[in-house]
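Me: I have a protein model open and would like to learn how to read it. Could you walk me through a few features?

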Amino acid sequence: MGAASLFRQAIARQLAPIAGCSEHHVLRSLAPMPKVSSGQQFGIPGPKLGSVEDPKAWCQQLAEKFETSTFIPRATAAGTFLHFDVCPEAYIQQTLSDVWTQKSRYGMQEQETPKTVVLDYSSPNIAKPFHAGHLRSTIIGNFVKRIHEAMGYKAIGINYLGDWGKQYGLLAVGYERYGNEAALEKDPIHHLYDVYVRINKENDADVDALANAYFKRMEEGDPITLKQWRRFRDLSIASYAEVYRRLGITFDRYSGESEAEPYIPRVYEELRDRVVRQEDGAWIVDSTVLRRADGTSLYMTRDLASVLLRRQDYAFDKAVYIIGNEQENYLKTLFGLTRHLQGCDRLDMTHVGFGRIHGMSTRKGTVVFLQDILDTAQQQMLKNMQASQDKYRELMEEGICVDGRHLAGQEAVAHVADRLGTSAVIVQDLVAKRGKNYTFAWDRMTAARGYTGVYLQFTHARMCSIERKSQVPIQMDCDLSQLKEKEAFDLALTISQYPDIVQSAYQTLEPCTVVQYLFRLSHSIGQANSSLRVKDVDPRVAEARMLLFWAAKTTLANGLKLIGVDPLERM
């Protein structure tokens, strides 16, 4: 339990009996004050505690009857609101003790018997480039996985590749017409993408029939057809691996429509026992076609089969699909059919949607490759770093430690530039509510000024630099009564809010909740750093301030990791 929750409970225990309501009701209504002054931290509207004729008088009575304590030394009425002061020293002590005890797990929760959640995200189509349109599913999905892990779940991240079906048949037909082995060997993904665009531009009635026929041969197990399919699939996965590495993302399983193929007969068996009608040979459930007249499967059939596979392998308690808003109706149908076929109305299946990135289209060939975005961001960060000559020279000379390996010179600079560029891309995409659309623009992705990923990384690196250069020991056994300044209390207060932020972000699955908090925390760190010196002050003061800054850095690092950003110690 964090400091904020502990102090709220202290208020609720005293306030609930005199207000004649439950502690739970008080806890739901208590909120942090928008502006903190002299320890004043929590507030609650009087009318929320009961319906009375004179709310002002009611609040005054409650304030007078409230029994103060070491934690809560004062309650005051301000019109129709009740305000509660916390003891700054006790609040700071509890907050720093929480961070010191939990460290990298600060803000996380545990489940006595961890539930299992399977998460379906990223999921590009084989033989097509990993473009910016996949960016949102990938980094939002990574956040959703991490927030579930923070809440104690066993999270299984699945990259469900589009590696089967008529769309692949279309690519194969295109390769038969336009494929070039030399170009494929040199740059497989870009060449296959060019082939896909060319075949889509054709207005040939035979192409559709050929694609269907090719897919039918795949489902029938034709060895020559499957050999080529495996080759394209392996080339595609190898190209994705580098992008995932740069984004710091790993998956527990690479799956795909092909893997679900053996489970399709089971879907058909279950369909036979349900309400299914046939129309010209096709199988239809509630207006959804689940089997074509020629016997081949569709996306929905394979998605239903994948649920059977995952339930068998993971016995999951919850399934989350991180897919764009435009797939909402499709997923509603999938969830409904799954519950119907499984005979389980309470099966927990959730769609985490997000807005579209406008300005690109795979079929039109105007796609922007994500690899190019990351490269451009890295180059922009490199230019920014070179402009700060002293820091650039220091990084070149002293280097940086990465996964236990020391990097120096240009290798260190390239690593930091890449991490900064990736941070900028991730934070800019997560800064607003995920449901919003936005138009793709290079300057938005690579912006280095203002409240960006670079700002968050700079704040973390600055705190690491203070630790390295101050030579002040970091220990819990220090005199925290030395933290008397308003900036110290404000920073501790912001740190204490992190567990509630994680809880709130989990409930809404909105990464922007965490990102906006990290901006506030970084701003509070900057204000405290400007006025609370560590160098050349009384050792007791220096130790207390150093512990405060360490707790702030630890909290910032935890939040950065939660959104998928690797915190830098130097830049």
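Me: Let me start with one helix. What covers the buried residues of α21?

Reply: Happy to help, and please keep in mind that this is a predicted model. The cover over the buried residues of α21 includes α5 (135-150), β11 (318-322), α20, α22 (511-531) and α23.

Me: Which residues of α21 are buried?

Reply: Helix α21 spans residues 498-508, and its buried residues are Tyr 498, Pro 499, Ile 501, Val 502, Ala 505 and Tyr 506. These residues cover an arc of only 160° around the axis, so they sit on the same side of α21. Here is the general idea behind such a pattern. An α-helix has 3.6 residues a turn, so residues three or four places apart point the same way. After α21 comes Leu 509, with a positive phi near 55°.

Me: Can we practise on another helix? Which residues of α3 are buried, and which are exposed?

Reply: In helix α3 (residues 55-65), the buried ones are Trp 58, Cys 59, Leu 62 and Ala 63. Looking down the axis of α3, you find them within an arc of 135°, so they line one face of the helix. Lys 56, Glu 64 and Lys 65 are exposed on the other side of α3.

Me: What do the buried residues of α3 pack against?

Reply: Their partners are α1 (3-19), β3 (74-78) and β4 (81-85).

Me: I see a cysteine in that helix. How many disulfides are there?

Reply: First, the idea: a disulfide is a covalent bond between the sulfur atoms of two cysteines. To count one, we ask for two sulfur atoms within 2.5 Å. By this rule the count is 0 disulfides. Take Cys 59, which is buried with a relative accessible area of 0%. The closest cysteine sulfur to that of Cys 59 belongs to Cys 21, and it is 12 Å away, too far for a bond.

Me: Now for loops. Where is Gln 482, and is this residue buried or exposed?

Reply: Look in the loop between α19 (453-470) and α20 (486-496), where you will find Gln 482. Gln 482 has a relative accessible area of 15%, so this residue counts as buried. Apart from neighbours within four places in sequence, Gln 482 is in contact with Arg 540, Val 541 and Ala 544.

Me: Which residue in the loop between β14 and β15 should I look at?

Reply: Try Asp 403, which lies in that loop. Asp 403 is not a glycine, yet its phi is positive, about 50°. With 80% relative accessibility, Asp 403 counts as exposed. Another one to find is Ala 315, in the loop between α13 (299-314) and β11. Ala 315 is not a glycine either, and has a positive phi of about 45°. Its relative accessibility of 55% makes Ala 315 exposed.

Me: How about pockets? What is the volume of the second largest pocket, and which residues are closest to its centre?

Reply: The volume of the second largest pocket is about 790 Å³. Its lining has 30 residues, and the closest to the centre are Cys 401, Val 402, Asp 403, Asp 566 and Pro 567. Helix α23 (539-562) is among the elements that each supply at least two lining residues. The largest share, 5 residues, comes from α23.

Me: Finally, what does UniProt list for residues 456-571?

Reply: An unreviewed UniProt entry lists this span as "domain: DALR anticodon binding". In the model, residues 456-571 are 71% helix and 0% strand, and the end C-alpha atoms lie 12 Å apart.

Conventions
Residues numbered from 1 in each chain as written. Predicted model: local features only at pLDDT ≥ 70, side-chain atom pairs only at ≥ 80, totals over all residues. Heavy atoms only, no water. Buried < 20%, exposed > 50% of the residue type's maximum accessible area, 1.4 Å probe, protein only. UniProt positions renumbered as here; feature names shortened; annotations may be inferred. Helix = DSSP H or I, 4+ residues; strand = E, 2+ residues; numbered from the N terminus. Arc of directions from axis to C-beta. Contact = heavy atoms within 4.5 Å. 1 Å grid on protein atoms, 1.4 Å probe; cavity = no way out; pocket = protein on both sides within 12 Å on 5 of 7 lines; lining within 4 Å. Points joined across faces, edges and corners; volume = space filled by probe spheres on them.
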